[in-house]
Amino acid sequence: MSTDNKNFRELEDSIHTDMKGRMSYGDYLNLDDILSAQTTVSSQHDEMLFIVIHQASELWLKLAGHELVAAINYVKASDFRQAFKVVARVKQILNQLTHSWDILSTMTPVDYIKFRPSLGNASGFQSYGYRRLEFLLGNKNADLIKVHEGNTAVAEELNTLLNQPSLYDEVIRKLHASGFDIDAALLERDFSAPYVLNQSVKKAWLQIYKNSDEYFELYELAEKLVDIEDAFQQWRFKHMYTVQRIIGLRRGTGGSSGVPFLKKALDTSFFPELLDLRTDL
């Protein structure tokens, strides 16, 4: 069949149409499982939007975690070109997550209130993917694992990550290996403890920034980390503002204070020296 209609696209003879016994697109992506996982617990129209946004976000978080594990390994191996690539990808994933709040913001407070009671105590605070991402970046807090103790495998993995060097810990080790005078106690510290700004690290970064041509790879790595910090903070802010727009100052379903709790995260920095040194340049 042929037609002169420009709005008609004729099926090419080479396209596979008989997929019996062959792996299809749906098979490869397990679409039957994925697309049947949007089970609403109310009869409200906007609950589907709420579920899809959060399920899609969890997939992006999973990919971001996958890329950060690779970034850690590349930094350890001094393969900075590959590290730059995956860190840049994490930035774009975080940007994608930030944009998703714009879609969720099309849901009004009245829309959300209709099905919010059906959520019980389910909350994004319980997101394993988010917690894993924060631990990989260095925002460590053992108390945060408590909410995951109902899932033994998840709790065990988070405990492992809690006690392992984060991406920034490995970057600091690389500074030391590159000849910078880093406090010895920092290289084998208690990695489960929150990272605190360290003057020896700041001094090293200042030297790198002031001699960027000489230390270009480390300089570029630092800026890639700042990109992640920037994108993560934008995501956090958009999350906080979206919650405020929809529920105001109500408490969160997971028991938190809601917006005030989310605002506290905006004061948290993964790489404090990289922001602090701007004042001294």
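**Exercise 1. Work out whether F232 is buried or exposed, then classify its ring pairing with F270.**

Start with F232 in this predicted model: its relative accessible area is 0%. Buried means under 20%, so F232 is buried. Next, take F270: at 3% relative accessibility, that residue counts as buried too.

Now for the rings. The structure holds 16 aromatic pairs. In the one made by F232 and F270, the ring centres sit 4.9 Å apart and the planes meet at 80°. Planes over 60 degrees apart count as edge-to-face, so that's the label for this pair.

Last step, place the partners along the chain. F232 is in helix α11, while F270 is in the loop between α12 and α13 (272-276). With their positions 38 residues apart, the pair links distant parts of the chain.

**Exercise 2. Do the same for F237 and Y241: how are their rings arranged?**

The centres are 6.2 Å apart, with the planes at 20°. Under 30 degrees counts as stacked, so this pair is stacked. Both residues belong to helix α11, four residues apart, or about one turn of the helix. As for burial, F237 comes out at 43% relative accessibility and Y241 at 44%. Partly exposed covers the range from 20% to 50%, so F237 gets that label, and so does Y241.

**Exercise 3. Find which residues touch the most other members of the largest nonpolar core, and which element gives the most to this core.**

The core has 69 residues, and the best-connected members are Y168, W205 and L274. Elements giving two or more residues include α3, α4, α8 (167-177) and α10 (199-210). Helix α11 gives the most, with 13 residues.

Zoom in on L274. Skipping neighbours within four places in sequence, L274 is in contact with Y168, W205, Y209, A222, L225 and V226. Y168 also turns up in an aromatic cluster, together with Y130, Y195, F232, W235, F270 and F271.

**Exercise 4. Describe the largest pocket: what is its volume, and which residues are closest to its centre?**

The volume first: about 1,600 Å³. Of 49 lining residues, S123, G124, F125, Q126 and H239 are the closest to the centre. Split by class, the lining has 22 nonpolar, 18 polar and nine charged residues. Helix α3 provides the largest share, 11 residues.

Finally, follow Q126 outward: one of its contacts is H148, a residue in the loop between α6 and α7. H148 counts as buried, because its relative accessibility is 6%. Other contacts of H148 include Y128, R131 and L158.

Note on methods. Residues are numbered from 1 along each chain as its sequence is written. This is a predicted model: local features need pLDDT of at least 70, side-chain atom pairs count only at pLDDT 80 or more; totals for chains, interfaces and linings use all residues. Side-chain values use heavy atoms; hydrogens and water are left out. On a 1 Å grid over the protein atoms alone, a cavity is a set of points where a 1.4 Å probe fits but cannot get out, and a pocket is an open set with protein on both sides within 12 Å along at least five of seven lines; lining residues have an atom within 4 Å of a point. Grid points are joined across faces, edges and corners, and a volume is the space filled by probe spheres set on the points. Ala, Val, Leu, Ile, Met, Phe, Trp, Tyr, Cys and Pro count as nonpolar, Asp, Glu, Lys and Arg as charged, and the others, Gly among them, as polar. A nonpolar core is a set of buried Ala, Val, Leu, Ile, Met, Phe, Trp, Tyr and Cys residues joined through side-chain atoms within 4.5 Å. Buried means under 20% relative accessible area, exposed over 50%, partly exposed in between (1.4 Å probe, protein chains only). Contact means heavy atoms within 4.5 Å. Rings of Phe, Tyr and Trp (its six-membered ring) pair if their centres lie within 6.5 Å; planes under 30 degrees apart count as stacked, over 60 as edge-to-face and the rest as tilted.
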